[in-house]
Amino acid sequence: MNTAKKLDIINDHFRFELTETDKVTHIKLMGIIDEDTDFSSLLNLKNSAIVFHFQEVTSINSCGIRTWVNFMKDLQGSTIEFAECPPLIVRQMNMVPSFSESANISTVFLPYVCNDCEHEQNILMSVIDYKKGVLIPQMMKCGQCNSEEMELDGNAKQYFAFAK
Ligand SMILES: [Zn+2]
C-alpha cells in the first residue's frame, strides 16, 4: 500500500496533516478553525473517501463554522467520515446540522471529571456501538487517582443528539 504523509501549514494557528493511502485520505486537523482557515488545498484530493480527525482541534468560532460548512458543500460527492471529535466539535454537530450533514460520524470524545481529584479526561466512544444500544457509562475509573468516581459531565443523550 502506498502512503504519503504531508504537513500543510495554513497559518500560525492552524495546520493539517494529510495521509493518503490507495483508497482513503486521512486529514488530521490541528489548531483553531476561524476566518483565516483556508481549506482550498483540500479540494482536489485523489481519493473520494476522506476521514477527518478532529482530536487536535482546539477551538472553532462562528466564522470558522461557516467556513467549514461551505467546505463540506464543496466536498459533496465524497464519502466523508468524522473521527475522534472532541466535545467542542460534538457541540457544533448538535447545534448546526449542516456542520456534519453529509458525514458518517464514527467516534467522539466525551468529557469526564473525577469527583475525587477533579482530573478531567476525554474518553473515546464509538458512535456505531451507541447506535447499536451499547450503554455509555456515567461513571468511569479515574486515570489519575484510580477512584471509580470519574463522572460524565452531562448526559450521554445530549452528546449523541446528532446520532438520531
Ligand atoms: Zn481522580
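Asp153 sits in the loop that links strand 10 (150-152) to helix 4. The model is a predicted one, and this loop residue is a convenient place to enter it. Asp153 counts as partly exposed because 13 other C-beta atoms lie within 10 Å of its own, while a buried residue would need 20 or more. Leaving aside residues up to four places away in sequence, Asp153 touches Pro111, Tyr112 and Val113. Those three residues fall within strand 7 (107-114). Asp153 can also be placed relative to Glu120: the two are 33 residues apart along the chain, and their C-alpha atoms are separated by 9.5 Å.

Glu120 leads on to strand 8, which spans residues 120-126. Strand 7 and strand 8 run antiparallel and are joined by seven bridges. One of the pairs is Thr107 with Ser126, the latter being the bridge partner in strand 8. The two strands make a hairpin with five residues between them. In the turn of this hairpin, Glu118 has a positive phi of about 65 degrees.

Another part of the model is an open sheet of six strands, arranged in the order 1-2-3-4-5-6 with mixed pairing. Strand 1 (4-11) and strand 6 are the edge strands, each pairing on one side only. On average, and with direction ignored, neighbouring strands of this sheet are turned by 20 degrees against each other. Within the sheet, strand 3 (residues 24-33) pairs with strand 4 in the parallel sense over nine bridges. An example of the register is Lys28, whose bridge partner in strand 4 is His53.

Strand 4 also brings the reader to helix 2. This helix lies across strand 4 and strand 6, and runs at about 110 degrees to strand 4. Helix 2 covers residues 87-95, and Ile89, Val90, Gln92 and Met93 in it are buried. These residues are on the same side of helix 2 because they cover an arc of only 160 degrees around the axis.

What, then, covers the buried residues of helix 2? The covering elements include strand 4 (49-60) and strand 6 (103-105), together with helix 1 (62-74). Strand 7 and helix 4 (156-159) are also among them. This returns the reader to the starting point: strand 7 pairs with strand 8 in the hairpin, and helix 4 follows the loop that holds Asp153.

Notes. Residues are numbered from 1 along each chain as its sequence is written. This is a predicted model: local features need pLDDT of at least 70, side-chain atom pairs count only at pLDDT 80 or more; totals for chains, interfaces and linings use all residues. A residue is buried if 20 or more other C-beta atoms lie within 10 Å of its own, exposed if 12 or fewer, and partly exposed in between; C-beta atoms are placed from the backbone. Helices (H or I, at least four residues) and strands (E, at least two) are DSSP runs, numbered from the N terminus. The arc is that of the directions from the helix axis to the C-beta atoms. Two residues are in contact if their C-beta atoms, placed from the backbone, lie within 7 Å. Two strands pair if DSSP finds at least two bridges between them. Axes are lines fitted to C-alpha atoms, for helices over the stretch in contact, and angles run from 0 to 180 degrees between N-to-C directions.
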